[in-house]
Amino acid sequence: MPISYDTLRHWHFDDIRHDYSEKDAILYALGIGLGEDPLDPRALRYVYEKSLAAYPTLSVALAYPGFWLRDPRTGVDWVRLVHGEQRLRLHRRLPASGTVIGKLRNTHLIDKGEGRGALLINERRLFDEAGAHLATLTSTTFLRGDGGFGAGDAPPEPLAATPDTPPERSTALRISPRAALLYRLNGDYNPLHADPGIARQAGFDRPILHGLCTYGMAARAIVDTWCDGDGDALTELNTRFSAPCFPGETLEFDMWRRGAEIRFRARAPGRGVMVLSHGSARIQS
């Protein structure tokens, strides 16, 4: 069944109440690679219950609606979809445990044309039980097999490209071979990240890493490089997922600073591939 613009664009989401524990906060931090050095006190505060803090990008794993695009009523070729972009603005510090209310809506459905796919943009706003606004997340999904349905919205303002000058700083982070199997326990159970057969159907020779795991690693690179490991300094993080990466690879993060803004990209040097582009973050000085 092909995509119906009206059905997908105006898909109804019930508000999502998400109770999360300190264990959930620790599991997320481990999933993006924190705690590999058990003697690093900067990382220990996110993976050890003593004086535990939530890593700021835990927000992307809260009030997640599940793999709803697998619902046949959407008309989406779900095997071929990939995460295109992720934007996050943090309004308040996220507690290490608690309850959030997620309010979701699809804001754009963009037809790129027959054989070129479509872009679906979804907004998720997180609130605490008292109604305080904690975070705003905007996610773009590239529906690779679903263009040409004949209707669509104008695209939003694009993310800015990274500078064409040499980076001011670079840092390398290794992806654990088990990263995708661990990260999926945060609630994203798309079999593309675990099942070799599904990965082959999607055109990959093995399961790929979740884009949001790579995204969390970008936060680590920025926070460790510019904020002395203090995640509370991060207030905004936006990027484009340019190419998939794989568990076991090492990523190289290149960064440029312009006041409170950090521009960044991530490369998989072993394959000569850019995996994150158009990256920007804002930090508190």
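**Figure 1. Arg9 and Asp153 meet in a salt bridge, with 3.0 Å between their closest N and O atoms.** The model shown here and in the other views is a predicted one. Arg9 belongs to helix α1 (residues 5-9), while Asp153 sits in the loop between β5 (133-143) and β6 (169-174), so this contact joins distant parts of the chain, 144 residues apart. Despite its charge, Arg9 comes out as buried, at 18% relative accessibility. In the structure as a whole there are 22 salt bridges.

**Figure 2. A salt bridge between Arg89 and Glu236, 3.6 Å from N to O.** Here strand β2 supplies Arg89 and strand β7 (residues 234-241) supplies Glu236, so the pair ties together parts that are 147 residues apart in sequence. The two ends differ in exposure: Arg89 is partly exposed at 46% relative accessibility, whereas Glu236 is buried at 17%. For a view with more partners, look at Arg45, Arg93, Asp230 and Asp232, which salt bridges link into a network.

**Figure 3. Arg206 has its charged end over the ring of Phe246, 4.3 Å from the ring centre.** Arg206 also has a salt bridge with Asp205, with the closest N and O atoms 3.7 Å apart. Arg206 counts as partly exposed, at 36% relative accessibility, and Asp205 is exposed, with a relative accessible area of 60%. Another arginine over a ring is Arg169, which lies over the face of Trp226 at 4.3 Å from the ring centre.

**Figure 4. Tyr28 and Tyr183, one of the aromatic pairs, of which the whole structure has 5.** The ring centres of Tyr28 and Tyr183 are 6.0 Å apart and the planes make an angle of 65 degrees, so this is an edge-to-face pair. Tyr28 comes from helix α2 (residues 22-31) and Tyr183 from helix α4 (residues 179-183), so the pair ties together parts that are 155 residues apart in sequence. Both Tyr28 and Tyr183 are buried.

**Figure 5. Phe67 and Trp78 pair edge-to-face, 5.7 Å centre to centre and with 85 degrees between the planes.** Both Phe67 and Trp78 sit in the loop between α3 (41-47) and β2 (81-90), 11 residues apart. Phe67 is partly exposed, with a relative accessible area of 22%, while Trp78 counts as buried at 18%. With the cut-off for buried at under 20%, Phe67 at 22% falls in the partly exposed class. Elsewhere among the rings, Trp11, Phe13 and Trp68 are linked into a cluster by ring pairs.

**Figure 6. Leu143 in the largest nonpolar core, which has 85 residues.** Leu143 is one of the residues touching the most other members, along with Leu8, Leu58, Ile222 and Phe253. Helix α6 (residues 211-226) gives this core its largest share, 10 residues. Leaving aside residues up to four places away in sequence, the contacts of Leu143 include Ile3, Leu8, Leu69, Val76 and Leu81. Also touching Leu143 are Leu109, Gly117, Ala118 and Leu120. As background, nonpolar side chains tend to be buried together in soluble globular proteins.

**Figure 7. Arg265 and its surroundings in strand β9 (residues 261-268).** A polar contact of 2.8 Å joins the side chains of Arg265 and Asp254. Not counting residues up to four places away in sequence, Arg265 touches Thr162, Pro163, Pro167, Glu252, Phe253, Asp254, Trp256, Met274 and Leu276. One of these neighbours, Phe253, turns up again among the core residues that touch the most other members.

Definitions and conventions: Residues are numbered from 1 along each chain as its sequence is written. This is a predicted model: local features need pLDDT of at least 70, side-chain atom pairs count only at pLDDT 80 or more; totals for chains, interfaces and linings use all residues. Side-chain values use heavy atoms; hydrogens and water are left out. Helices (H or I, at least four residues) and strands (E, at least two) are DSSP runs, numbered from the N terminus. A polar contact is a pair of N or O atoms within 3.5 Å; within protein, one must be able to donate a hydrogen and the other to accept it, and residues adjacent in sequence count only if both atoms are side-chain atoms. Contact means heavy atoms within 4.5 Å. Rings of Phe, Tyr and Trp (its six-membered ring) pair if their centres lie within 6.5 Å; planes under 30 degrees apart count as stacked, over 60 as edge-to-face and the rest as tilted. Buried means under 20% relative accessible area, exposed over 50%, partly exposed in between (1.4 Å probe, protein chains only). A charge sits over a ring if NZ of Lys or CZ of Arg is within 6 Å of the ring centre and within 35 degrees of the ring normal. A nonpolar core is a set of buried Ala, Val, Leu, Ile, Met, Phe, Trp, Tyr and Cys residues joined through side-chain atoms within 4.5 Å. A salt bridge is a side-chain nitrogen of Lys or Arg within 4 Å of a carboxyl oxygen of Asp or Glu.
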